[in-house]
Amino acid sequence: MSNATVVVVTSGKGGVGKTTTTAAIASALAKEGYQVCAVDFDVGLRNLDLIMGAERRVVFDLVNVVRGEASIKQALVRDKKLNNLYLLPASQTRDKDALTEEGVASVISELRMYFDWVICDSPAGIERGATLAMRHADEAIIVSNPEVSSVRDCDRIIGLLDAKTKIAEDGGRMPKHLMITRYDTERAKSGDMLETDDVVDILSVPLIGVVPESKDVLKASNVGLPITVSDETSPASKAYMEAVRRLLGENIPVTIPEEKKSFLGKLFKGRAA
């Protein structure tokens, strides 16, 4: 009988890489031998099943389970490549109000019994779907791009994590980890985006990983595989794998990986007119 650690993957705005991060972290944990469930809370905009290559096998979803129309076991979709990884998909047809506080509490407490890790993909923003996704979490991974608007939105999410979660109401503080995505060293050096240290200083959340801007991530999504499964050698994949080691308690320094530049790109660098 497990008692899972429930992690919410959250951010203030859309398009920063939450779903990619959820799929990559869940897969990496499964590769380490843990029983893992990824839960898609983004009711109405379901995407996690696409990135995990499970969209054709979804029969029931989170809303069906919350409403008692299906059991968790009926709704769980087992991963094609990793036997110990499951997905609980979101509903594409309902609206966000279909989730109830009691229903979500009951689903999370049942998932805790079956799994070692439950990774919740939160909808963007600060509305009800996001607060429900974080409500019963034990820890949070906050995903931010290295730009001012993204960081500011994350600051609001941190406020919610410290006010609207069960841990906060019980007088505790939720452990938080910062994941910086779409990082480009050249652009940070030239001042086009924030340096990692600046983001950490603004948010005061320990850094768990820095994922470089990478075409590999998009390629992986298009073929329905998390980056940590599709290409273990890619810098983005390595960044996620390292982040998982930190999540598991290893104390390793955060490296800032770079997207592989082509040989020709290196050759002509600096020679452009």
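A residue counts as buried when its relative accessible area is under 20%. By that criterion, buried residues account for 55% of the 273 residues in the chain of this predicted model.

**The whole chain.** Begin with the complete chain displayed as a cartoon, where 14 helices and 8 strands can be traced. Switch to the C-alpha trace and orient the view along the principal axes: the spans are about 65 × 40 × 35 Å. The radius of gyration is 18 Å, which agrees with the value near 19 Å for a compact globule of 273 residues.

**Contacts and surface.** Next, display contacts between residues at least 6 apart in sequence; of these, 76% join residues at least 24 apart. Then turn on the accessible surface of the chain, which comes to about 12600 Å². Coloured by atom type, 50% of that surface belongs to carbon and sulfur atoms.

**The largest pocket.** Now select G15, V16, G17, K18 and T20, the residues that lie nearest the centre of the largest pocket. Its lining comprises 26 residues in total, and the pocket holds about 500 Å³ of space. To see which elements give two or more residues to this lining, select helix 1 (18–31), strand 7 (176–183), strand 8 (207–212) and helix 11 (215–222). Which of the elements gives the most to the lining? Helix 11 does, with 4 residues.

**The character of the lining.** Finally, colour the lining residues of the largest pocket by class: 10 are nonpolar, 10 are polar and 6 are charged.

Technical notes:
Residues are numbered from 1 along each chain as its sequence is written. This is a predicted model: local features need pLDDT of at least 70, side-chain atom pairs count only at pLDDT 80 or more; totals for chains, interfaces and linings use all residues. Side-chain values use heavy atoms; hydrogens and water are left out. On a 1 Å grid over the protein atoms alone, a cavity is a set of points where a 1.4 Å probe fits but cannot get out, and a pocket is an open set with protein on both sides within 12 Å along at least five of seven lines; lining residues have an atom within 4 Å of a point. Grid points are joined across faces, edges and corners, and a volume is the space filled by probe spheres set on the points. Ala, Val, Leu, Ile, Met, Phe, Trp, Tyr, Cys and Pro count as nonpolar, Asp, Glu, Lys and Arg as charged, and the others, Gly among them, as polar. The radius of gyration is taken over C-alpha atoms; the globule rule is 2.2 Å times the number of residues to the power 0.38. Buried means under 20% relative accessible area, exposed over 50%, partly exposed in between (1.4 Å probe, protein chains only). Contact means heavy atoms within 4.5 Å. Accessible areas come from the Shrake-Rupley method with a 1.4 Å probe; for residues, only the protein chains shown count as cover.
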